[in-house]
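Thanks for sharing this one. Here are my notes, in numbered points, for you to read alongside the model.

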Amino acid sequence: MINNSLNFHRAIYSLIIGLLFLVGIVSHGTSRAQTSPPRILLTWQANSYVPAGYFGKALPGPSSIVTASVEIIDQGKIADLSGNNIYWYLDSSLVGSGIGKKTVNIRAGSRALQETKLMVQIPGYKGGLLFKTIFLFIASPAAVIEAPYGAESFRDNSVAVKGVPYFYNVTDLSTLIFNWTVNGQSVPAATSTEEKSNLTVSINPDAAQGSRLDIGLTIRDPKERFYHGSGNLRLNLAK
């Protein structure tokens with residue numbers, strides 16, 4: 001009887017110890033979750049041209065305007081930064097600062113195919129210094145010729161293609177210059193935005209099967225002296 005009582009008390013004691021250990025683990029995990037460090041979200045958007053329906057990120061072209069924004073996620077919530085000094089640096093040069101300045105507009109570098117460093121600093125947040133750095137890749141303007149012809153061949157008496165610019169420092173196509181060539185010969189420039197971005201080529205009915213059609217396109221921004229986009233499309237006549 002005495003042994004049974006001792007065994008019962010030992011079992012109760014072991015159960016209590018186990019529960020206390022489990023509570024300690026849960027409490028420790030909760031404490032760690034509550035003390036997770038603040039997280040900085042630094043986002044940006046380039047004011048460079050991409051066509052409608054483009055699902056990728058618009059990369060900044062040379063001298064494009066880039067809008068950057070910062071938020072702090074603290075304990076799962078967006079922190080109030082209205083009373084904090086925020087400093088913005090582009091390639092180590094101060095480009096913006098102020099109390100609660102969560103957004104800044106910067107101009108990307110003038111050289112394509114290079115990276116520029118953007119950093120935000122928030123000193124004094126809960127007694128510490130928060131900062132984050134990202135690198136922005138400056139894309140070279142590109143000209144793409146879109147054509148609805150599979151296997152680079154066509155059968156019709158005419159060919160219709162479209163020129164599409166990417167990553168130019170413009171908001172629409174009206175200021176861009178489209179220069180088309182067909183088999184090395186320049187095509188007279190159109191005036192309207194719709195006409196200059198589209199090209200229709202009439203095909204000689206007597207053209208032999210396998211005849212090649214070489215279409216070239218160069219798109220220029222009059223404000224940009226050094227960079228432009230070029231594209232080329234080669235099609236074969238299949239009768």
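**Notes on the strands, sheets and contacts**

1. Let me start with one pair: N85 has I99 in β5 as its bridge partner. Strand β4 (residues 85-90) runs antiparallel to β5, and six bridges join them. Two strands are taken to pair if DSSP finds at least two bridges between them. Helices (H or I, at least four residues) and strands (E, at least two) are DSSP runs, numbered from the N terminus.

2. A word on the basis of these notes. The model is predicted, so local features need pLDDT of at least 70 and side-chain atom pairs count only at pLDDT 80 or more, while totals for chains, interfaces and linings use all residues. Residues are numbered from 1 along each chain as its sequence is written, and side-chain values use heavy atoms, with hydrogens and water left out.

3. The overall picture: the protein chain holds 16 strands and two helices. Of its 239 residues, 33% count as buried; here buried means under 20% relative accessible area, exposed over 50%, and partly exposed in between (1.4 Å probe, protein chains only). The accessible surface of the protein chain is about 14800 Å², with 55% of it belonging to carbon and sulfur atoms. These areas come from the Shrake-Rupley method with a 1.4 Å probe, and for residues only the protein chains shown count as cover. Among contacts between residues at least 6 apart in sequence, 63% join residues at least 24 apart, a contact being heavy atoms within 4.5 Å.

4. Back to the sheet of point 1. It is an open sheet of four strands, ordered β5-β4-β7-β8, with antiparallel pairing. Because β5 (93-99) and β8 (128-138) stand at the edges with a single partner strand each, one side of each has no neighbour in the sheet. From one strand to the next, the twist averages 15° (axes are lines fitted to C-alpha atoms, for helices over the stretch in contact, and angles run from 0 to 180 degrees between N-to-C directions).

5. At the β8 edge, strand β7 (residues 114-125) pairs with β8 in the antiparallel sense over eleven bridges. The two strands form a hairpin with two residues between them, and K126 in the turn has a positive phi of about 50°. Y125 has G128 in β8 as its bridge partner.

6. What does L90 touch, leaving aside residues up to four places away in sequence? The list is V95, I106, R107, T116, K117 and L118. L90 belongs to strand β4 and counts as buried, at 14% relative accessibility. Its C-alpha atom is 5.7 Å from that of K117, although 27 residues separate the two along the chain.

7. Now the other sheet I looked at. Five strands make up an open sheet with mixed pairing, in the order β10-β16-β15-β12-β13. Its edges are β10 (153-154) and β13, each with a single partner strand, so one side of each is left without a neighbour in the sheet. Within it, β12 and β15 are antiparallel and share six bridges; T181 has G216 in β15 as its bridge partner.

8. D214 is worth a look in this sheet. D214 sits in strand β15 (residues 212-220), and its side chain makes a polar contact of 3.4 Å with the side chain of R234. A polar contact is a pair of N or O atoms within 3.5 Å; within protein, one must be able to donate a hydrogen and the other to accept it, and residues adjacent in sequence count only if both atoms are side-chain atoms. Beyond four places in sequence, D214 touches T181, V182, N183, N232, L233 and R234.

9. N183 is in the loop between β12 (177-182) and β13 (185-186) and is partly exposed, at 43% relative accessible area. Beyond four places in sequence, N183 touches R212, L213 and D214. The C-alpha atoms of N183 and R234 lie 9.3 Å apart, with their positions 51 residues apart along the chain.10. Finally, the aromatics: the structure holds three aromatic pairs. Rings of Phe, Tyr and Trp (its six-membered ring) pair if their centres lie within 6.5 Å; planes under 30 degrees apart count as stacked, over 60 as edge-to-face and the rest as tilted. Y54 and F167 are edge-to-face, because their ring centres are 6.4 Å apart and their planes are at 75°. This pair links distant parts of the chain, 113 residues apart: Y54 is in the loop between β1 (39-46) and β2 (65-74), and F167 in the loop between β11 (158-166) and β12. Y54 is partly exposed at 31% relative accessibility, whereas F167 is buried at 11%. Ring pairs join Y54, Y166 and F167 into a cluster.
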